[in-house]
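Here's a walk through one protein chain, starting from the empty space inside and working outwards. Have the viewer open and follow along.

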Amino acid sequence: MMLTLARIRFAEVIAWRAEFLLWLMTLTMPLTMLVFWRAVTRDGAFAGYTSQDITAYFLAVLAVALLTECNLVWNLNEDLRTGGLSFWLIKPAHPLSTYLSITLAELPARVLVALPVIGLALHAGGAAEPVGGRLLLFLLSLPMALGINQAVQIMVGSLGFWMDRSITLFKLYEHVGSLLSGYMIPLAFLPAGVRGVADWLPYRFVISLPVELLLGQHDGTTALRLLLVQAAMLVVLNLMAMKVWALGVRRYTAFG
């Protein structure tokens with residue numbers, strides 16, 4: 001069933017190419033920050049980042065944002081608002097599988113856009129570690145980053161069972177995350193106290209960690225330790241998401 005839904009959604013992405021292109025245009029913030037921080041580092045390195053490092057970093061951020069984005073919280077809120085969730089609740093497949101299929105269906109188009117960006121980031125980075133090792137660590141981290149983002153969106157979206165529109169709460173989450181995830185500034189630029197907190201929040205493991213691994217900012221031992229932390233966070237957050245979802249479904253009353 002998930003494959004069928006994914007094929008349908010992929011056909012929609014192809015049919016509504018203009019919509020997909022408009023979505024791509026909303027991801028210009030990393031490029032804006034690239035221009036800004038290159039200006040800052042024009043006369044010398046800032047917090048260990050040269051202009052070349054800044055270019056590689058924000059290109060990598062753009063690629064990771066493309067590959068870890070999902071719209072589950074928006075789709076779930078809309079189905080809760082209209083009562084459309086009732087249709088999926090009576091199906092044999094788990095309702096959340098429908099939202100997962102949408103994410104999977106959009107991935108091929110996103111990968112197509114992200115691949116050249118990843119190539120440019122690797123070219124600009126010039127880290128000492130072999131490219132093959134960095135790509136392997138990056139590819140291990142990327143699905144977990146997407147899974148963490150999905151879990152958070154399930155939790156926040158499921159709050160719609162108790163409140164009118166949990167999307168407002170998610171927007172607040174996104175605004176905080178734009179600073180603490182490495183999306184707008186490298187975590188190395190944060191004050192020490194804030195950096196210590198950001199290092200252990202889900203934000204970092206969605207954006208910053210895949211970027212760090214792609215650019216070779218960690219040795220092998222540190223990279224594997226961080227991947228284990230990311231895996232543990234993925235499991236914990238998904239268990240929490242399933243619990244919040246289950247509690248919400250019990251009190252669900254549809255309308256529309």
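## The hole inside

Counting cavities of 30 Å³ or more gives one. This is a predicted model, so everything below is read from predicted coordinates. The largest cavity has a volume of about 30 Å³, and its lining is made up of Cys70, Asn71, Leu72, Asn75, Tyr99, Ile102, Thr103 and Glu106. Two elements give two or more residues to that lining: α5 (72-82) and α7 (95-125).

Which of the elements gives the most to the lining of the largest cavity? That's α7, with four residues.

## The overall build

Now zoom out. The protein chain has 13 helices and zero strands, so a run through the elements from the N terminus is just α, over and over. Of the 256 residues in the protein chain, 46% are buried.

As for how the chain meets itself, take the contacts between residues at least 6 apart in sequence: 78% of them join residues at least 24 apart. On the outside, the accessible surface comes to about 12,800 Å², with carbon and sulfur atoms holding 71% of it.

## Rings together

There are eleven aromatic pairs in the structure. Take Tyr49 and Phe189: their ring centres are 5.3 Å apart and their planes stand at 80 degrees, and because an angle over 60 degrees counts as edge-to-face, that's what this pair is. Tyr49 sits in the loop between α3 (29-40) and α4 (51-68), while Phe189 sits in the loop between α9 (167-180) and α10 (192-198), so the pair ties together parts that are 140 residues apart in sequence.

Are these two residues, Tyr49 and Phe189, buried or exposed? Both Tyr49 and Phe189 are buried. They also belong to one aromatic cluster, together with Phe36, Trp37, Phe46, Tyr57 and Phe58.

## Leu34 and its partners

Leu34 is in helix α3. Its relative accessibility is 13%, and because buried means under 20%, Leu34 counts as buried. Leaving out residues up to four places away in sequence, Leu34 touches Ile54, Thr55, Phe58 and Leu59. Phe58 is also one of the aromatic cluster.

For a distance to check on screen, look at Leu34 and Ile54: these are 20 residues apart along the chain, and their C-alpha atoms are separated by 6.4 Å.

## Two glutamines under cover

Gln153 is a good way back to the cavity. This residue is part of helix α8 (residues 131-158), and at 1% relative accessibility Gln153 counts as buried. Beyond four places in sequence, Gln153 touches Cys70, Asn71, Leu72, Val73 and Phe170; Cys70, Asn71 and Leu72 also appear in the cavity lining. From C-alpha to C-alpha, Gln153 and Cys70 are 8.5 Å apart, with their positions 83 residues apart in sequence.

The other glutamine, Gln230, lies in helix α13 (residues 220-250). With a relative accessibility of 0%, Gln230 counts as buried too. Setting aside neighbours within four places in sequence, Gln230 is in contact with Ser141, Met144, Ala145, Ile148, Phe205 and Leu209.

## A charge over a ring

One of those contacts, Phe205, has a charged visitor. What sits over the ring of Phe205? The charged end of Arg204 does, 5.7 Å from the ring centre.

Methods:
Residues are numbered from 1 along each chain as its sequence is written. This is a predicted model: local features need pLDDT of at least 70, side-chain atom pairs count only at pLDDT 80 or more; totals for chains, interfaces and linings use all residues. Side-chain values use heavy atoms; hydrogens and water are left out. Rings of Phe, Tyr and Trp (its six-membered ring) pair if their centres lie within 6.5 Å; planes under 30 degrees apart count as stacked, over 60 as edge-to-face and the rest as tilted. Buried means under 20% relative accessible area, exposed over 50%, partly exposed in between (1.4 Å probe, protein chains only). A charge sits over a ring if NZ of Lys or CZ of Arg is within 6 Å of the ring centre and within 35 degrees of the ring normal. Contact means heavy atoms within 4.5 Å. Accessible areas come from the Shrake-Rupley method with a 1.4 Å probe; for residues, only the protein chains shown count as cover. On a 1 Å grid over the protein atoms alone, a cavity is a set of points where a 1.4 Å probe fits but cannot get out, and a pocket is an open set with protein on both sides within 12 Å along at least five of seven lines; lining residues have an atom within 4 Å of a point. Grid points are joined across faces, edges and corners, and a volume is the space filled by probe spheres set on the points.
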